[in-house]
Amino acid sequence: MHDNFRDAGFGEFISSTQQMRDSALLRATTELFVQELIHDRDEIQRYEELATHLLAKVPDGDRGYVTERLAIRLDAPLGVMRLLAKDKIEIAQPVLEQSAVLSESV
């Protein structure tokens, strides 16, 4: 049966790792979050729960992507912004310079 998959063209398929799936999920969820102009409290909380869970599992590039997408958002979840602000300076810089969410929480 395995050879049938290879013969059907699936032999070239590279299986994804959990980190790749986490990265894809975080990026897609973040993109969907920023596409909406405003969010209610429940939407922000759901995004925050997912993002805080995934941020610790993804590489720098993915955390940087989230930082760039959320830094200017007024409805960015505070918990996510705090995590990103404590990250490496390359990742934290946009949040520290641009986030109104952090300046309001001080």
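# Exercises on an all-helix chain

The buried residues of helix 2 are Asp22, Ser23, Leu26, Thr29, Thr30, Phe33 and Val34. Buried means under 20% relative accessible area, exposed over 50%, and partly exposed in between (1.4 Å probe, protein chains only). The model is predicted: local features need pLDDT of at least 70, side-chain atom pairs count only at pLDDT 80 or more, and totals for chains, interfaces and linings use all residues. Residues are numbered from 1 along each chain as its sequence is written, and side-chain values use heavy atoms, with hydrogens and water left out.

## Exercise 1: helix 2

Task: Find which side of helix 2 is buried, and check the span of the helix.

Solution.

1. Start with the arc. The buried residues of helix 2 cover only 140 degrees around the axis, which puts them on the same side of the helix. The arc is that of the directions from the helix axis to the C-beta atoms.
2. Recall the geometry. An α-helix has 3.6 residues a turn, so residues three or four places apart point the same way.
3. Look at the other side. There Leu32 and Gln35 are exposed.
4. Identify the cover. Helix 3 (41-55) and helix 4 (60-70) are included in what covers the buried residues.
5. Check the span. Helix 2 runs over residues 18-35, and its 18 residues should span 26 Å at 1.5 Å a residue. The end C-alpha atoms are 26 Å apart, which agrees. The expected span is 1.5 Å times one less than the number of residues.

## Exercise 2: helix 3

Task: Describe the buried face of helix 3, its partners and its N-terminal cap.

Solution.

1. List the buried residues: Ile44, Tyr47, Ala51, Leu54 and Leu55.
2. Take the arc. Down the axis, these residues fall within 105 degrees, so they line one face of helix 3.
3. Turn to the face away from the buried side. It carries the exposed residues Arg41 and Arg46.
4. Name the partners. The buried residues of helix 3 pack against helix 2, helix 4 and helix 5.
5. Check the span. The 15 residues of helix 3 should span 21 Å at 1.5 Å a residue; the end C-alpha atoms are 21 Å apart, which agrees.
6. Find the cap. Asp40 caps the N-terminal end of helix 3, with a side-chain oxygen 3.1 Å from the backbone nitrogen of Asp42. A polar contact is a pair of N or O atoms within 3.5 Å; within protein, one must be able to donate a hydrogen and the other to accept it, and residues adjacent in sequence count only if both atoms are side-chain atoms.

## Exercise 3: three threonines

Task: Place Thr30, Thr52 and Thr67, and state whether each is buried or partly exposed.

Solution.

1. Thr30 is in helix 2. It is buried, with a relative accessible area of 0%. Not counting residues up to four places away in sequence, Thr30 touches Tyr47, Tyr65, Val66 and Arg69. Contact means heavy atoms within 4.5 Å. A polar atom of the Thr30 side chain lies 2.8 Å from the backbone oxygen of Leu26.
2. Thr52 is in helix 3. At 29% relative accessibility, Thr52 counts as partly exposed. Leaving aside neighbours within four places, Thr52 is in contact with Gly79, Val80 and Leu83. Its side chain reaches the backbone oxygen of Glu48 at 2.8 Å. The backbone oxygen of Glu49 is 3.2 Å from a polar atom of that side chain.
3. Thr67 is in helix 4. It is buried, at 1% relative accessible area. Beyond residues up to four places away in sequence, Thr67 touches Leu84, Ile91, Pro94 and Val95.

## Exercise 4: the core and the whole chain

Task: Describe the largest nonpolar core, then the chain as a whole.

Solution.

1. Give the core. It has 20 residues; those with the most contacts inside it are Leu26, Tyr47, Val66, Leu70, Val80, Met81 and Leu84. A nonpolar core is a set of buried Ala, Val, Leu, Ile, Met, Phe, Trp, Tyr and Cys residues joined through side-chain atoms within 4.5 Å.
2. Assign the shares. Helix 3 gives the largest, five residues.
3. Follow one member. Tyr47 is in contact with Thr29, Thr30, Phe33, Val66, Leu70, Pro77 and Val80, leaving aside neighbours within four places in sequence.
4. Count the elements. The chain has seven helices and zero strands. Helices (H or I, at least four residues) and strands (E, at least two) are DSSP runs, numbered from the N terminus.
5. Finish with burial. Of the 106 residues, 34% count as buried.
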